[in-house]
Structure formats: C-alpha cells, structure tokens
Amino acid sequence: MSERRAVALLIIVLLAQLGLVSAQVPDRTVDDASALEGILLRVTAPVAQLVSGSMERTTDLRTRVQTMTSLRRENERLRDEVLGLRQERARIQGIEERLDLLLEAVDYEPPVEGDLVVADVVLVDHNAFRKSLIAYLPETAPEEFGVGSPVTTDAGLVGRVYSRSGNHIRVQLITDRASSVGSMIGRTRRQGVVRGDLDGFLSLDYVPLQASVQPGDRVVTAGIDGVYSRGIPVGQVLEVSDGGELFHSVRVVPAVDFGLLTQVYVLERAPELPEGIQ
C-alpha cells in the first residue's frame, strides 16, 4: 500500500468514526458511554492501528532504499578514487625508476676520456646464433656515437655498436659467438680473448697452461683490440680446466646481467688508427 493511499484510508476511517459519534445523542443520566460508541471504537481502532503501522513501514522502507542508494554511490566513488590512486602510484614509481637511472648515468665515470650518451634499450635479442640489442639514442647524439662505439653499463661491458640507423643502434653483445674482446685477468695481467658461447656465458681463450688462473678472478678489457679501452669489467672466472696441450679452458660469468638492461651508456668510439698502421 502506497503512503498516499494509506493516508486517504486513515482520513476516511476517522471521518466515518467522527460522523457516527456525532450522530449519537448520549443519555446524560447514564455515566458510561453508549454501547454504539464502544462498538465503533473496538472496530475502528484496529483499522487505524493497521493504517498507521503500514505508513511507518512504508517510510522505513523508503529510508532504507535511500540509504542503500547513497551507500552504493559512495562505494562507487571510493572505488574510482582507489583506482586513481593506484594509477598515480604506478606513475610515480615509474618516475622514480627513471630518476634512479638518470642519477646512475650522472655518477658513472667512463673508463676512457671522452663523452658518453645514455640510450634506452628497445629490444634484446637472445637468439642462439646472434645475441644483440637495439637501443634508441637521444636526438642530440652526434654521429661519433655510431659503428664501433663501445657500450657499457655501470656493471661492466655490454658490447659494441655495429650498425646505426637514425637514432637507433644495434649492439653486438659480448655473449655473441662472433664477438671477441681483448681481455686480461686483473690479478695477473695475463691477456687473452673473451668470446661468447651458446649458453650465455663467456670463454677466455689463449691463456697458457703455465699461467695462474683461479675461479673468482676478475676479467677486464686489456685495451689491445682497438675497440675497448683498458679496465672495463668483463666478468668473473667461474671455472678453469685443461683445454688442451697449450691453453686453459676458462669459463667466465659476464659482469652484466643482460636480462635487466633498460638503459646503456654509449661511449665515443675509439679514434681510427693512422694510415699505414693495420
């Protein structure tokens, strides 16, 4: 029953009761109310109580509906607010990570005299036959940062640029089997050549059997190949075994974790050798 209909019914019942009571002529000699008045009260009182209860229940139901609607709207608002805060937090975290990378670049001291630029890594190709990455140079990068430029991180040597197209460069990783890096053992200064292998490690070749090599020895660039300057970290000796009659078989763990690369430092390429010197 709607609230309007309940009010109308209550008014009708009260008017009918008032009319019946008014129609009576009470006997003033009698102290008690007339029998007709008593009957009317007994009949109309439950009806009035029912109508009043129905109105209260209708009002209570409407209040509950309004409260639920308000709570639903508030819940939706809070959900949108939480989503916005999560997105803002993710954006701030991205800015903080970017700032950390830039601060690392500011603090980085290149192993050679010359400039460097920070390049964003776009793609790392771990193909078994060609291990390389593609990076994007800033718009201001000069042509000197092109083919032949060494590429490093704060951890160590990454490789060298072997092609450039616009602001994109392709870098041959030192883990590529076609790569070779003139290197030496930091503890003894014994020189050799570091090459990549198929499982992502490095091998240090041409180290004589009489030379001292131990697991844990640092391997750095020797500066004898015309590409990399001396002292750039290459890796650490993992294991040593007899590789034949003349040389050790030395396995090296790269200093750089190539699965974590997001930015690299491209160094100004080494000057070309004078004419007549090959």
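Two strands pair if DSSP finds at least two bridges between them, and strands (E, at least two residues), like helices (H or I, at least four residues), are DSSP runs numbered from the N terminus. The structure is a predicted model, in which local features need pLDDT of at least 70 and side-chain atom pairs count only at pLDDT 80 or more, while totals for chains, interfaces and linings use all residues. Residues are numbered from 1 along each chain as its sequence is written, and side-chain values use heavy atoms, with hydrogens and water left out.

**Strand β2 and its neighbours**

Strand β2, which covers residues 131-136, pairs on one hand with strand β1 (residues 116-126), in the antiparallel sense and over six bridges. Within this pairing, H126 is placed opposite K131 of β2. On the other hand, β2 runs antiparallel to strand β5 (residues 168-173), the two being joined by five bridges, and here S132 has Q172 in β5 as its bridge partner. Five of the six residues of β2 are buried (under 20% relative accessible area, with over 50% counted as exposed and values in between as partly exposed; 1.4 Å probe, protein chains only), so the strand is largely enclosed by the rest of the structure.

Strand β1 also contains L116, a residue that is partly exposed because its relative accessible area is 23%. The C-alpha atom of L116 lies 5.9 Å from that of E268, although 152 residues separate the two along the chain.

**Salt bridges**

In total, the model holds six salt bridges (a side-chain nitrogen of Lys or Arg within 4 Å of a carboxyl oxygen of Asp or Glu). Three of them are set out below with their N to O distances.

| Salt bridge | N to O distance |
|---|---|
| R77 and E74 | 2.5 Å |
| R195 and D205 | 3.5 Å |
| R251 and D199 | 2.2 Å |

R77 and E74 belong to helix α2, which spans residues 35-107, and because they are three residues apart there, about one helical turn separates them. Both are partly exposed, R77 with a relative accessible area of 43% and E74 at 34%.

The bridge between R195 and D205 involves two strands: R195 lies in β7 (residues 191-196) and D205 in β8, so the pair ties together parts that are ten residues apart in sequence. R195, at 28% relative accessibility, is partly exposed, and D205 falls in that class as well with 22%.

The bridge between R251 and D199 reaches from strand β11 to the loop between β7 and β8, so it ties together parts that are 52 residues apart in sequence. R251 is partly exposed at a relative accessible area of 25%, and D199 is likewise partly exposed at 43%. Turning to shared partners, salt bridges join E74, R77 and E81 into one network.

R251 has a further contact, since this residue lies over the face of F201, at 4.3 Å from the ring centre (the criterion being CZ of Arg, or NZ of Lys, within 6 Å of the centre and within 35 degrees of the ring normal).

**The aromatic pair and the nonpolar patch**

One aromatic pair is present (ring centres of Phe, Tyr or Trp, the last by its six-membered ring, within 6.5 Å; planes under 30 degrees apart count as stacked, over 60 as edge-to-face and the rest as tilted). The partners are Y206 and F247, whose ring centres are 5.7 Å apart with planes at 85°, so the arrangement is edge-to-face. This pair links distant parts of the chain, with Y206 in the loop between β8 (202-205) and β9 (218-221) and F247, 41 residues away, in the loop between β10 and β11.

Y206 and F247 also contribute, together with L246, to a nonpolar surface patch of about 310 Å² (residues with over 30% relative accessible area and no salt bridge, nonpolar side chains Val, Leu, Ile, Met, Phe, Trp and Tyr being joined within 5 Å and like charges within 9 Å; Shrake-Rupley areas with a 1.4 Å probe, only the protein chains shown counting as cover for residues). L246 sits in the loop between β10 (233-242) and β11 (248-254), and its relative accessibility of 57% makes it exposed. By contrast, Y206 is partly exposed at 46%, and F247 is partly exposed at 33%.

**Positive phi values**

Y206 is also notable for its backbone, having a positive phi of about 65° although it is not a glycine. R189, another residue that is not a glycine, likewise has a positive phi of about 65°. R189 is located in the loop between β6 (180-185) and β7, where it is partly exposed at 49% relative accessibility.
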